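Here is a friendly set of notes to read alongside the structure. Keep the 3D view open and take the points one at a time.

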Amino acid sequence: MKLGFIGCGNMAKAMLGGILKNEICAKEDVIATAKSEASRENARNTYGIQVTADNIEAAKSADVLVLAVKPIFYEEVIHEIKDAVDEKKIIISIAPGKTLAWLEEQFGKKVKPALVGEGMTGVCCNEEVSDAEMQDVLKILESCGKAEMLPERLIDVVVSVSGSSPAYVFMFIEAMADAAVADGMPRAQAYRFAAQAVLGSAKMVLETGKHPGELKDMVCSPGGTTIEAVRVLEEKGMRSAVIEAMKACVKKGREM
């Protein structure tokens with residue numbers, strides 16, 4: 001499999017690290033583009049892959065092509081490379097708000113696009129992508145995390161619940177650490193305690209299969225400290241704030 005990346009920013013680097021570590025592709029079979037010489041040199045030195053400033057060169061040489069530029073540049077990049085893309089290539093899009101139909105329209109021909117939501121990766125494709133090709137796409141994506149197939153209508157939801165959600169979690173960790181600092185704990189130690197608590201809680205949800213509400217009840221003793229903290233979070237509207245933030249995220253993604 002020849003793999004190409006148009007753009008070599010943070011998302012591309014995250015994918016590249018997993019792909020090469022898990023030997024999904026040989027480094028000699030990967031090519032990435034970047035505008036600046038410094039970015040190309042960094043990618044070459046870090047991953048040992050081929051690099052170029054020429055998007056068309058990358059598009060021509062790849063069997064699977066990842067569009068890893070910012071959404072505002074998608075139309076420009078697609079118009080640049082569309083003549084180098086044939087019906088045999090698989091196009092992986094990681095941009096929110098860009099539908100399968102929109103991608104086909106921009107390429108002006110039948111192509112094989114797959115949409116990807118970041119984080120816990122959600123992926124969908126059009127009818128041109130075979131089951132075997134989809135397995136290849138999933139193999140690439142699972143090299144840097146977990147991936148699941150879902151309907152295209154849920155891709156924007158993936159962005160809110162997975163792609164953008166690390167920012168919410170980081171804010172929660174920061175807030176917990178701030179509270180611990182206010183009560184006397186050194187900041188570096190407070191970050192470790194807060195982050196480990198979030199990590200352990202997430203593992204319990206995934207490993208036990210229990211409903212989060214059930215797990216919450218298990219640590220809320222009658223008249224205890226935890227239920228008092230939960231009472232205040234409910235009073236301040238924590239759940240509503242998270243829900244409204246995620247709905248705003250989905251709305252923004254669909255408008256992009």
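1. A definition to start with: a salt bridge here is a side-chain nitrogen of Lys or Arg within 4 Å of a carboxyl oxygen of Asp or Glu. E41 and R44 fit that description, with their closest N and O atoms 2.5 Å apart. Please keep in mind that the model you are looking at is predicted. Counted by this rule, the salt bridges come to 15.

2. Now for the overall picture. The protein has 256 residues, and 36% of them are buried. Its secondary structure consists of twelve helices and eight strands. The C-alpha trace spans about 65 × 40 × 30 Å along its principal axes. If you take the contacts between residues at least 6 apart in sequence, 59% of them join residues at least 24 apart.

3. A good place to begin looking is strand 5, which covers residues 90-93. Are its faces covered or open? Both are covered: I90 and I92 are buried on one side, and I91 and S93 are buried on the other. Strand 5 also has a partner, since strand 4 (residues 64-67) pairs with strand 5 in the parallel sense over four bridges. One pairing to find on screen is L65, whose bridge partner in strand 5 is I91.

4. What connects with these two strands to make a β-α-β unit? The answer is helix 4 (residues 74-81), and the unit formed by strand 4, helix 4 and strand 5 is right-handed. The buried residues of helix 4 are Y74, V77, I78 and I81. They lie on the same side of helix 4, because they cover an arc of only 100 degrees around the axis. The elements that cover these buried residues include strand 1 (3-6), helix 3 (55-61) and helix 5 (100-107). Strand 4 and strand 5 are also among the elements covering them.

5. Next, have a look at helix 1 (residues 10-21), where A12 is found. A12 counts as buried, because its relative accessibility is 1%, and the cut-off for buried is under 20%. Which residues does A12 touch, leaving aside its neighbours within four places in sequence? They are F5, G7 and A68. A12 and L67 are 55 residues apart in sequence, and their C-alpha atoms are 8.9 Å apart in space.

6. Helix 2 (residues 37-47) holds two salt bridges worth viewing together. In one, the side chains of E37 and R40 meet at 2.8 Å, N to O. These two residues are three apart in helix 2, so about one helical turn separates them. E37 is partly exposed at 44% relative accessibility, whereas R40 is buried with a relative accessible area of 13%. The other is the E41 and R44 pair from the opening point. E41 and R44 are three residues apart in helix 2 too, so they are separated by about one helical turn. E41 is partly exposed at 30% relative accessibility, and R44 is partly exposed with a relative accessible area of 34%.

7. Another salt bridge joins K110 and E127, whose closest N and O atoms are 3.4 Å apart. Where in the chain do K110 and E127 lie? K110 is in the loop between helix 5 and strand 6 (112-117), while E127 is in the loop between strand 7 (121-125) and helix 6 (131-142). The two are 17 residues apart, and the pair links distant parts of the chain. K110 is partly exposed, with a relative accessible area of 44%, and E127 is exposed at 60% relative accessibility. E104, K110, E127 and E128 are linked in a network of salt bridges.

8. Two spots concern backbone angles. Most residues other than glycine have a negative phi. E23 is not a glycine, yet its phi is positive, about 55 degrees. E23 lies in the loop between helix 1 and strand 2 (30-33), and E23 is exposed, with a relative accessible area of 69%. A positive phi is also found at G209, near 75 degrees, and G209 follows helix 9.

9. Finally, how far does helix 9 reach from its first C-alpha to its last? Helix 9 (residues 187-208) has 22 residues and reaches 31 Å, close to the 32 Å expected at 1.5 Å a residue.

Definitions and conventions:
Residues are numbered from 1 along each chain as its sequence is written. This is a predicted model: local features need pLDDT of at least 70, side-chain atom pairs count only at pLDDT 80 or more; totals for chains, interfaces and linings use all residues. Side-chain values use heavy atoms; hydrogens and water are left out. Buried means under 20% relative accessible area, exposed over 50%, partly exposed in between (1.4 Å probe, protein chains only). Two strands pair if DSSP finds at least two bridges between them. A crossover is right-handed if, with the strands pointing away from the viewer, the path from the first strand over the helix to the second runs clockwise. The arc is that of the directions from the helix axis to the C-beta atoms. Contact means heavy atoms within 4.5 Å. The expected span of a helix is 1.5 Å times one less than its number of residues.
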